[in-house]
Every structure is written in structure tokens, then in C-alpha cells.
Amino acid sequence: MPNIILLGPPGAGKGTQAARLVAERGMVQLSTGDMLREAKTSGTEMGRRVAEVMDRGELVTDEIVIGLIEEKLATAGGNGFIFDGFPRTLPQADALGELLARTGQRLDAVIQLVVDDAALISRIEGRAAEALAAGKPVRADDNAAVFADRLRAYYKSTSPLIGYYYALGDLFTVDGLAPIESVAKSIANVLDQAAEASVG
Ligand code: AMP
């Protein structure tokens, strides 16, 4: 049961690929973004505070997201976890390592989806247009100004995780600009490699 992290800037395709792994392999997707959006609509004080931070494109505190993940790790089971949008900071990465160790689990692979900024911006614009056309709600943080802030938060706080996991020997890179099918295939290859490594 592999546990993996999908790492990459907002709009890199982490959610799309995670959904496929859930459908095809029965893995469990743990998206802190989804959990926070749920908290946002809960009407609680925590939800209200979280909403303000998210709508500005900034990161929610480590304490909140680590708490959310801890809760899910204790209750969810399945064919391995896909961490999607978590960890986003070095303290979150340390916390994840500790949480997994505490439950006798390990991280099998960190898959970095590599994309460039210009492509991301057009993807985000596309995501908003698609939602509008389908009559679905557009994410409040899917607009150009907030997106630029989310991208800055990624470079400042999350991109150091690339070096962190590279140093641990856990990092695999995948071209996130390839068609969805090829990205999925590359991820499948990484999962197979990781499975072989843990057996051999
Ligand atoms: P996402 O759906 O992953 O793009 O997340 C949407 C927003 O939720 C982010 O822009 C942050 O404000 C917040 N968020 C999600 N995951 C985290 C995390 N691991 N740490 C801090 N903030 C997060």
C-alpha cells in the first residue's frame, strides 16, 4: 500500500491525477484544500478564519492543516494515501514524517509535477471558465490576482520541499504539462518502481 505525495504548484494537476488513482487503485486522497473548503462552509469560527486566509491566496497555519491530516490518518484506511496539497511547508513535512512513523507507515514516493508558470495561469483561467460554463461555482481563489499570490506562496514556502525530499531520496519528477494520460502513466511507473524498491 504505497503512500505518496503529489507535489507541485496550484493548477499543476494534482487533484486530477489523485482522482484517477482513487478510481483506478482504490487509494485514499487526502486533500487539505478540500478539507479546508469543507471547513469554510461549516459555519464555525475556524471555518470563518480559514476562509479569509484562503480567499487571499495565503497559507493556512501549519497547526490547522496538520490537525486535519492527523484526524484523517487515524480514521481513513485503504490502498495507500495520496497527499494532495499537503505538506506545503517544511514543518508540515516534518509533521507528516512523524505521523506516519507513529502509525508504522512510511512514505514511498514524492511525485513532483513540473509545469511552468505561463501554462499554469492559462490552466487556472480555463478551470474558472469551465466551471462557469457548466453552471458550477467558480473557486473564489481561481482568479488572476489571487492566483499570483498562491503561486508566490508556493515558491516561498512549498518549493523548498523539493530539496527536502530529494535529499531523502524520495523525489520523482514527472512532466506535468504532458497530456493527462501520459502524466497518469508516468505516475503509474513511479508507483511500480516504489513497490519494487520496498519489496527488494
Ligand atoms: P488547494 O485546493 O490545494 O489549491 O488549496 C487551496 C487553499 O487552501 C490554499 O491556497 C491555501 O490557502 C489552503 N491550503 C490547502 N492546503 C494547505 C496546506 N497544506 N497548508 C496551508 N494552507 C493550505
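**View 1. T32, R88 and R150 hold polar contacts with the ligand.** In the side chain of T32, an N or O atom lies 2.8 Å from a nitrogen atom of the ligand, a polar contact being a pair of N or O atoms within 3.5 Å (within protein, one must be able to donate a hydrogen and the other to accept it, and residues adjacent in sequence count only if both atoms are side-chain atoms). R88 does much the same job for a nitrogen atom of the ligand, at 3.0 Å. For R150, the partner is an oxygen atom of the ligand, 3.2 Å away. On its own the ligand has 480 Å² of accessible area, and the protein covers 96% of that (Shrake-Rupley method, 1.4 Å probe; for residues, only the protein chains shown count as cover).A quick note on the model: it is predicted, so local features need pLDDT of at least 70 and side-chain atom pairs count only at pLDDT 80 or more, while totals for chains, interfaces and linings use all residues. Residues are numbered from 1 along each chain as its sequence is written, and side-chain values use heavy atoms, leaving out hydrogens and water.

**View 2. Here is the shell of residues around the ligand.** There are 16 residues around the ligand, and T32, R37, E58, R88 and Q92 come nearest (near means a heavy atom within 4 Å). Six residues of the shell are nonpolar, four polar and six charged (Ala, Val, Leu, Ile, Met, Phe, Trp, Tyr, Cys and Pro count as nonpolar; Asp, Glu, Lys and Arg as charged; the others, Gly among them, as polar). Helix α2 (residues 32-40) gives the largest share, four residues (helices are DSSP runs of H or I, at least four residues, and strands runs of E, at least two, numbered from the N terminus).

**View 3. A cis peptide bond joins F86 to P87.** Its omega is near -5°. Look for P87 in the loop between β3 (81-84) and α5.

**View 4. Helix α5 covers residues 90-102.** Its end C-alpha atoms are 18 Å apart, in agreement with the 18 Å that 13 residues should span at 1.5 Å a residue (1.5 Å times one less than the number of residues). Q92, A93, A95, L96, L99 and L100 are buried (under 20% relative accessible area; exposed is over 50%, partly exposed in between, with a 1.4 Å probe and protein chains only). Seen down the axis, these buried residues fall within an arc of 160°, so they line one face of α5 (the arc is that of the directions from the helix axis to the C-beta atoms). E98, A101 and R102 are exposed on the face turned away from the buried side.

**View 5. Helix α7 has buried residues on one side and exposed ones on the other.** The buried ones are V146, F147, R150, L151, A153, Y154 and T158. They take up an arc of only 155° around the axis, which puts them on the same side of α7. A144, A145, R152 and K156 are exposed on the other side.
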